[in-house]
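Welcome, and please take a moment to turn the model around on your screen. We will look at how its parts pack together and then at its pocket.

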Amino acid sequence: MERKILPWEPWFFLAFGLFHLHRIWGLIDRSSYAAFWLGILEKKGLFYFLLMGILAVLCVLGIAAFLKNRRNNFWWRWVYLFGGAYLLFDLSAIALNLAFWNKLLLWMFDTTSIYWNFVWSFFLLLGGFAFVLGINLLLKRKG
């Protein structure tokens, strides 16, 4: 079996990268960022379900790609397995309204927390890594 980058894989990392890169907003304006996302989580409207659905589908697709190529994987496909499993747990915990997860989310969106910049900078760096990886995979696939 030949190792090849699947057509959707660069777009997977570009999408997750962009999603995480938007968190720069949280470093610029804590209050509006926290209010926006807490509002989305509380209302659970169309945007919430659309976003969660897209993220879940991408995770399942990534995990399936990892498993299908388990003997011949690229190093970055491990992101599908661990990141996908984490995100599917996150989405499930939110959907099931797990108390400990809700407490964690409230802590993450506490604009007075001394950890605010650390938490959101981590996600921002993660997004930058994913986005650059996506560009790299796009270039490798085309070249």
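How are H5 and H6 oriented to each other? The model, which is a predicted one, brings the axes of H5 and H6 within 9 Å, with a crossing at roughly 105 degrees. An angle from 65 to 115 degrees counts as roughly perpendicular, and H5 and H6 are therefore roughly perpendicular to each other. On the H5 side, the residues that meet H6 are Tyr86, Phe89, Asp90, Ala93 and Ile94. Their partners in H6 are Phe100, Trp101 and Leu105. By class, the contact of H5 with H6 holds 7 nonpolar residues, no polar ones and 1 charged residue.

**The wider fold**

Stepping back, the chain has 7 helices and 0 strands, and its pattern along the sequence reads α-α-α-α-α-α-α. The C-alpha trace spans about 50 × 30 × 25 Å along its principal axes.

**A second helix pair**

H5 also has a contact with H1. Here the axes come within 13 Å and cross at roughly 45 degrees, so H1 and H5 are oblique to each other. Their crossing is left-handed. H1 brings Glu9, Phe12, Phe13 and Phe16 to this contact, while H5 brings Val79, Tyr80 and Leu87. These residues divide into 6 nonpolar, no polar and 1 charged.

Here are the two pairs side by side:

| Helix pair | Axes come within | Axes cross at roughly |
|---|---|---|
| H1 and H5 | 13 Å | 45 degrees |
| H5 and H6 | 9 Å | 105 degrees |

**The pocket**

Now for the largest pocket, which has a volume of about 690 Å³. It is lined by 35 residues, and those closest to its centre are His20, Arg23, Tyr86, Leu87 and Phe123. Several helices give two or more residues to this lining: H1 (9-21), H3 (30-43), H4 (46-68), H5 (78-95), H6 (99-108) and H7 (116-142).

Which helix gives the most to the lining? That is H5, with 8 residues. Two residues from the helix contacts turn up again here: Tyr86, which meets H6, and Leu87, which belongs to the contact with H1, are both among the residues closest to the pocket centre. As for chemical class, the lining of the largest pocket has 29 nonpolar residues, along with 4 polar and 2 charged ones.

How values were computed:
Residues numbered from 1 in each chain as written. Predicted model: local features only at pLDDT ≥ 70, side-chain atom pairs only at ≥ 80, totals over all residues. Heavy atoms only, no water. 1 Å grid on protein atoms, 1.4 Å probe; cavity = no way out; pocket = protein on both sides within 12 Å on 5 of 7 lines; lining within 4 Å. Points joined across faces, edges and corners; volume = space filled by probe spheres on them. Helix = DSSP H or I, 4+ residues; strand = E, 2+ residues; numbered from the N terminus. Nonpolar A, V, L, I, M, F, W, Y, C, P; charged D, E, K, R; others polar. Axes fitted to C-alpha atoms, helices over the stretch in contact; angles between N-to-C directions. Parallel < 35°, antiparallel > 145°, perpendicular 65-115°, else oblique. Left-handed = near helix turned anticlockwise from the far one by under 90°. Contact = heavy atoms within 4.5 Å.
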